[in-house]
Amino acid sequence: MPRPSRLSILLLTGLAGCMVGPNYHRPSAPTPTAYKEGQGWTPAIPSDAADRRDWWTVFGDPILDNLEARVEVSNQTLAAAEAAYREAHALVAQDRAALFPVVTANGSVNVSGGGGARNATTTVGNGGTGGTGGTGGTGTTTTTTTSSTQTVFQASLGATWAPDIWGAVRRNINSAKASAQASAALVANARLSAQTELAADYVSLRELDEQKRILDGTVTAYGRTLTITQNKYAAGNVGRSDVLTARTQLESAQAQDTDLAQQRARMEHAIAILTGQPPAALTLPPAPWTLRLPAIPATIPSALLQRRPDIANTERAAQAASELIGVQVAAYYPSLDLTGQAGFAAPNLGQLFNLSNLFWSLGAQAAETIFDAGARHAKVQQARAAYDQAVANYRQTVLTAFGQVEDNLAAQRVYAVEETQLLRAADDAATNVVITRNEYEAGTVDFTTVATAQVTALQSHNALVQMQANRLTTAVSLIEALGGGWTTAALPKD
């Protein structure tokens, strides 16, 4: 029985789907069994939680809902990330095409000629007289030289194919797929970042509206105090310094009130840009403080690995790097190129496709690098180092993610206690202002006591509003840290 040729062995190996290099397995990551700061973190039902794509609706503000909807279609940073994903996805199709032969069609007509001679001789003669001894005839000989031309029509199909014997092409395809998925995760991360930044800016905008409401009331109260002081000064009961102090306090509050307009304008401009609009196109009128603090469900730490798009991005990048190791390892093995051509050639266009004018050819070429001074080894080592770097980036992203969740859990717990304390302080400060103002009118305390009480009340109320805003922005940050309802199931499969 004849032994199979080396070429047939190579072809059979390719058909068997051999792929050299390491197969990818998800790298291990440092994952705690429970959150350190999650004590007392009460699970909530899904309808109350930010466990869905439109997570911002849990804050109960229709204006915020409308603004968030614009981010998806108008934010230019998100549009750029989406275009980068489409570019990466196109590379998958480009790499997949390398699995198949390249077929080309050719048609040609060639006319050739030369100065070669084709001789023709012609003799013309006169007949002699008849009879015995008649005279012989005479004649003339002419030689003519003509040039020749040749026309050949040809139509053919050609094919070249490099079988993916060692899996280098398939490894490239797998790497491109993983890179496209990493790019898709970046799109999700860009979307989540824009959405959470918008929500935080909106909270800041409404915080400024609430601070202005408080300052407007404070300016009115300071005006009443100034009137009382002026009346007491006119009656000779207080000195002019009390009037100047009361007026200074009023004017300072008015200046603070005016400054809020600049801060609010910046927030409004930032929101416009996040929604893909020029600042001049968006106006958000002042509105009452209606944002509600949502309940955010507890999740087990291991679930975070499937919910964070930035973690998915680095994990997919690790697979992309792993597959490229196999691409470099494949360079150690022989390569095979197959070629074929078939067509028709004829001197007459009408007879071109006659079977008798058929021609064909087949060819195969195998090659293997014998010596490259360690270049292939260096490329394999480079690919392995790139994979190790990608794994380290993945693990660091996981650690950072758990840190962000823990930070926001701790902030939520602390801020809840602090808000209660500030609420009591603001109530006490407001009561103290009423008491000291009445006592000042009665002449039992000086104006310094009133001024101090009023400043304390303003600071207490501003601190309370700031704390309420902090709790809301911390909720936004916690939702972002938990992935904003996104999961790896949303990654494209192809």
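At what angle do the axes of helix α5 and α9 cross, and within how many Å do they come? In this predicted model, the axes of α5 (residues 240-274) and α9 cross at roughly 10° and come within 10 Å. Angles under 35 degrees count as roughly parallel, and α5 and α9 are therefore roughly parallel to each other. The points below cover the long helices α4 and α8, the packing of helices, and two pockets.

**Helices α4 and α8**

- Helix α4 runs over residues 168-234, which makes 67 residues.
- At 1.5 Å a residue, α4 should span 99 Å, and its end C-alpha atoms lie 96 Å apart, so the expected and modelled spans agree.
- Glycine 236 comes just after α4 and has a positive phi of about 80°.
- Helix α8 covers residues 375-442, a run of 68 residues.
- From its first C-alpha to its last, α8 reaches 95 Å, close to the 100 Å expected at 1.5 Å a residue.
- Glycine 443 follows α8, and the phi of this glycine is also positive, near 85°.

**Packing of α8 with α9**

- The axes of α8 and α9 are 7 Å apart, and the two helices pack at an angle of about 160°.
- Angles over 145 degrees count as roughly antiparallel, and α8 and α9 are therefore roughly antiparallel to each other.
- The crossing in which α8 passes α9 is left-handed.
- The contact of α8 with α9 has 23 nonpolar residues, along with 14 polar and 4 charged ones.

**Packing of α7 with α8**

- Helix α7 (residues 309-329) crosses α8 at roughly 170°, and the axes of the two helices come within 8 Å.
- The same cut-off of 145 degrees applies here, and α7 and α8 are therefore roughly antiparallel to each other.
- In the contact of α7 with α8, 16 residues are nonpolar, 5 are polar and 4 are charged.

**Packing of α5 with α9**

- α5 and α9, the roughly parallel pair, make a left-handed crossing.

**Largest pocket**

- The volume of the largest pocket is about 300 Å³.
- This pocket is lined by 15 residues, of which Gly217, Thr218, Ala221, Ala457 and His461 are the closest to its centre.
- α4, α8 and α9 (447-481) are the elements that give two or more residues to the lining of the largest pocket.
- Among these elements, α4 gives the most to the lining, with 7 residues.
- By class, the lining of the largest pocket holds 8 nonpolar, 4 polar and 3 charged residues.

**Second largest pocket**

- The second largest pocket holds about 210 Å³ of space.
- Its lining has 17 residues, and the closest to the centre are Pro163, Asp164, Ile165, Ala168 and Val169.
- At least two residues of this lining come from α4, and at least two from β3 (335-346).
- The lining of the second largest pocket divides into 11 nonpolar, 3 polar and 3 charged residues.

Terms used. Residues are numbered from 1 along each chain as its sequence is written. This is a predicted model: local features need pLDDT of at least 70, side-chain atom pairs count only at pLDDT 80 or more; totals for chains, interfaces and linings use all residues. Side-chain values use heavy atoms; hydrogens and water are left out. Helices (H or I, at least four residues) and strands (E, at least two) are DSSP runs, numbered from the N terminus. The expected span of a helix is 1.5 Å times one less than its number of residues. On a 1 Å grid over the protein atoms alone, a cavity is a set of points where a 1.4 Å probe fits but cannot get out, and a pocket is an open set with protein on both sides within 12 Å along at least five of seven lines; lining residues have an atom within 4 Å of a point. Grid points are joined across faces, edges and corners, and a volume is the space filled by probe spheres set on the points. Ala, Val, Leu, Ile, Met, Phe, Trp, Tyr, Cys and Pro count as nonpolar, Asp, Glu, Lys and Arg as charged, and the others, Gly among them, as polar. Axes are lines fitted to C-alpha atoms, for helices over the stretch in contact, and angles run from 0 to 180 degrees between N-to-C directions. Angles under 35 degrees count as roughly parallel, over 145 as roughly antiparallel, 65 to 115 as roughly perpendicular and the rest as oblique. A crossing is left-handed if the near helix is turned anticlockwise from the far one by less than a right angle, and right-handed if clockwise.
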